[in-house]
Amino acid sequence: MPNATAAQLAHLRSRLEAEKRELEERLSQNEHNGLASSLRDNTGELSPIDNHPADLGTEMFERSKDLALLEQEDLHLARIADALEALDNGSYGQCRACGQPIPYERLEALPDSLYCLEHAPRQEISHHRPVEEEFLAHPFGRSSRDDDDYNGFDGEDAWQIVEQWGTAESPATSENANVGDYDHIGIEADENDGFVESFESFVATDITGNHVSVIRNRHYKQYMDHNEGDHELEEQ
């Protein structure tokens, strides 16, 4: 063991044994984070399946959290057992991956470590996301085709029709910034309806397409107020 003396090894062994006793006592006293009994016994309900899934939502959340904590403590116990076994067979302090000595400073910080910093497991950040995130996006989810240069009817258009009948949003929670009323809280509520370019809403032709006229409606006024048109070209 190049990086630790006999006294240092004895100190690390005592720390590992103390941590092991503490974990085992804690798990025993709290009945493995409350998982020694069933959910029905913990809640006092005749059945864990109620009329509404939210009735037991809090209990299910706490149960899931306890499972995660128990899994972490079981993993910690397994790491301590492996470290104590390595101390017994003389391989403690050498990285299992590369065989190089583990610095004593790392062992002091993590006595149950069996790998050097470079080869420590679970160093890489996983890019795999929960499949549920695919369904927790905006209401029209994967059916929107705005990025495909598609001008037809898609999932976003379907949602906008449904959205007109009301949602759980309010001006305070709308994704549209600075919205002040309920008429503009929808998805792209300000987009053109029935036309693409703004001028198409007030420019008209006859049946032959030869005679062009300008209808001075609300869209026309907005168009001019935003300086999109040339006031000098207006008919007097």
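Mentor: A helix here is a DSSP run of H or I with at least four residues, numbered from the N terminus. The model is predicted.

Trainee: Which residue follows α1 with a positive phi?
Mentor: Helix α1 covers residues 6-29. A residue with phi near 55° comes after α1. That residue is Glu31.

Trainee: What pattern does the protein chain follow along the sequence?
Mentor: Count the elements before ordering them. There are 7 helices and 2 strands in the protein chain. In sequence order they read α-α-α-α-α-α-β-β-α.

Trainee: How far apart are the end C-alpha atoms of α1?
Mentor: Start from the expected span. With 24 residues at 1.5 Å a residue, α1 should span 34 Å. The model agrees with this, because the end C-alpha atoms of α1 lie apart by 35 Å.

Trainee: Are α1 and α4 roughly parallel or roughly antiparallel?
Mentor: Helix α4 runs over residues 57-89, and its axis comes within 10 Å of the α1 axis. The two axes cross at roughly 150°. Angles over 145 degrees count as roughly antiparallel. Therefore the label for α1 and α4 is roughly antiparallel.

Trainee: Is the crossing of α1 and α4 left-handed or right-handed?
Mentor: The angle alone does not settle this. Handedness depends on which way the near helix is turned from the far one. For α1 and α4 the crossing is left-handed.

Trainee: How do the residues of the contact of α1 with α4 divide?
Mentor: From α1, the contact includes Leu9, Arg13, Leu16 and Glu17. From α4, it includes Leu70, Glu73, His76 and Ile80. The full set divides into 10 nonpolar, 1 polar and 9 charged.

Trainee: Which residues in α1 are buried?
Mentor: Residues three or four places apart on an α-helix point the same way, because there are 3.6 residues a turn. Buried means under 20% relative accessible area. In α1 this holds for Leu12, Leu16, Leu23 and Leu27.

Trainee: Is Asp154 buried or exposed?
Mentor: Asp154 sits in the loop between α5 and α6. Beyond four places in sequence, it touches Ser143, Ser144, Arg145 and Asp146. Its relative accessible area is 7%, so Asp154 is buried.

Trainee: Is Val212 buried or exposed?
Mentor: Val212 belongs to strand β2, residues 212-214. It touches Val203, Ala204 and Thr205, leaving out residues up to four places away in sequence. Those contacts do not decide the class. With a relative accessible area of 57%, Val212 is exposed.

Trainee: What share of the protein chain do buried residues make up?
Mentor: The protein chain has 236 residues. The cut-off is again under 20% relative accessible area. Buried residues make up 21%.

Technical notes
Residues are numbered from 1 along each chain as its sequence is written. This is a predicted model: local features need pLDDT of at least 70, side-chain atom pairs count only at pLDDT 80 or more; totals for chains, interfaces and linings use all residues. Side-chain values use heavy atoms; hydrogens and water are left out. Axes are lines fitted to C-alpha atoms, for helices over the stretch in contact, and angles run from 0 to 180 degrees between N-to-C directions. Angles under 35 degrees count as roughly parallel, over 145 as roughly antiparallel, 65 to 115 as roughly perpendicular and the rest as oblique. Contact means heavy atoms within 4.5 Å. Ala, Val, Leu, Ile, Met, Phe, Trp, Tyr, Cys and Pro count as nonpolar, Asp, Glu, Lys and Arg as charged, and the others, Gly among them, as polar. Buried means under 20% relative accessible area, exposed over 50%, partly exposed in between (1.4 Å probe, protein chains only). The expected span of a helix is 1.5 Å times one less than its number of residues.
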